[in-house]
Amino acid sequence: MLTLYDFMGSGNGYKVRLLLAQLGVPYRLVECDILKGETRTPEFLKKNANGRIPTLQLENGTHLAESDAILWYLAEGTPFAPADRLQRAQTLQWMFFEQYSHEPNIAVARFWRHFLTKLSPLQELDLPERMAKGYAALGVMEQHLARHPFFVGERYGLADIALYGYTHVAGEGGFNLDAYPHTNAWLARVASQPGHVTMDHKS
Ligand SMILES: N[C@@H](CCC(=O)N[C@@H](CS)C(=O)NCC(=O)O)C(=O)O
């Protein structure tokens, strides 16, 4: 059986839990409190030298890190990953966008504002730029969603899961999505997919 090391408040972890639920794949959940440094212990670092969740332990004992790599591994050969060459590349395009332009701004602002009791002076200084870049990423999504119901191939798939993880809780980072009607409509479409589970879902 698969074992998922995760923290329930993590959008990166939620992406994996959402796909596992929609695939109907059973797994064992091991919760790690990142606020207490539980992913930085010598024991955890043997599983993922980068000290982060989500980390998935496969049946053969291999540990796989990085949420989008885990999504790709789990979705291979299922309708969640396209078979078409261009659509596979477009899926990766949006997943790389998520990791470079979206998550480092929206997820980090959310972590600081939602989970920390007080921001450090450096975080206070950095926050406006994270917010501006987060809104820029939301703008890119909004433009695409004005013309398409989903991110790739006009159907729900991996790119949607990767981007949904933190977009649906962007408000917890102080992002106001009122001016993003197409993104809001997409959020609702994603939430109405068969087998959808919310972020607090445990296996
Ligand atoms: N790029 C990684 C980011 C993983 C990540 O930042 N995980 C955070 C929680 S969302 C974490 O484990 N933080 C604990 C720490 O850094 O000690 C992914 O997509 O999985």
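The expected span of a helix is 1.5 Å times one less than its number of residues. Keep that rule in mind as we walk through this predicted model, because helix H1, residues 11-23, gives us a chance to use it: its 13 residues should span 18 Å, and the C-alpha atoms at its ends are indeed 18 Å apart.

Let us stay with H1 and look at its surroundings. A residue counts as buried if 20 or more other C-beta atoms lie within 10 Å of its own. By that standard 11 of the 13 residues of H1 are buried, so the helix is largely enclosed by the rest of the structure. Those buried residues are Gly11, Asn12, Gly13, Tyr14, Lys15, Val16, Arg17, Leu18, Leu19, Leu20 and Gln22. What lies over them? The cover includes strands E1 (2-6), E2 and E3, together with helices H3 (67-75), H4 (85-115) and H6 (158-167). Once H1 ends, the chain continues with Gly24, whose phi is positive, near 70°.

Next come the strands. Four of them form an open sheet in the order E2-E1-E3-E4, and their pairing is mixed. Strand E2 (27-31) and strand E4 (63-65) are the edges, each pairing on one side only. From one strand to the next, the twist averages 20°. You can take a closer look at E3, residues 55-57, which runs antiparallel to E4 and is joined to E4 by 3 bridges. Within this pair, Gln57 stands opposite His63 of E4.

The stretch leading up to E3 also deserves a visit. Most residues other than glycine have a negative phi, and most peptide bonds are trans. The bond between Ile53 and Pro54, however, is cis, with omega about 0°. You will find Pro54 in the loop between helix H2 (42-47) and E3.

Beyond E4, in the loop that leads to H3, sits Glu66. Its phi is positive, near 75°, although Glu66 is not a glycine. Is Glu66 buried, exposed or partly exposed? It is partly exposed, because 17 other C-beta atoms lie within 10 Å.

H3 follows, and its buried residues are Ser67, Asp68, Ile70, Leu71, Trp72 and Leu74. They pack against H1, E3, E4, H4 and H6. Just after H3, Gly77 takes a positive phi of about 80°.

Some of the residues we have met also belong to the surroundings of the ligand. Which residues come nearest to the ligand? Of the 14 around it, they are Ser10, Asn12, Ile34, Arg52 and Ser67. Asn12 is one of the buried residues of H1, and Ser67 is one of those of H3. The shell around the ligand is made up of 4 nonpolar, 6 polar and 4 charged residues.

Our last stop is the loop between helix H5 (121-145) and H6, where Glu154 is found. Glu154 has a positive phi of about 60° without being a glycine. With 10 other C-beta atoms within 10 Å, Glu154 is exposed. Arg147 lies in the loop between H5 and H6 as well, and its 7 C-beta neighbours inside 10 Å make Arg147 exposed. From Arg147 you can look across to Val197, 50 residues away along the chain: their C-alpha atoms are separated by 26 Å.

Note on methods:
Residues numbered from 1 in each chain as written. Predicted model: local features only at pLDDT ≥ 70, side-chain atom pairs only at ≥ 80, totals over all residues. Pairing = 2+ DSSP bridges. Helix = DSSP H or I, 4+ residues; strand = E, 2+ residues; numbered from the N terminus. Axes fitted to C-alpha atoms, helices over the stretch in contact; angles between N-to-C directions. Buried ≥ 20, exposed ≤ 12 C-beta atoms within 10 Å, placed from the backbone. Contact = placed C-beta atoms within 7 Å. Near = placed C-beta within 6 Å. Nonpolar A, V, L, I, M, F, W, Y, C, P; charged D, E, K, R; others polar.
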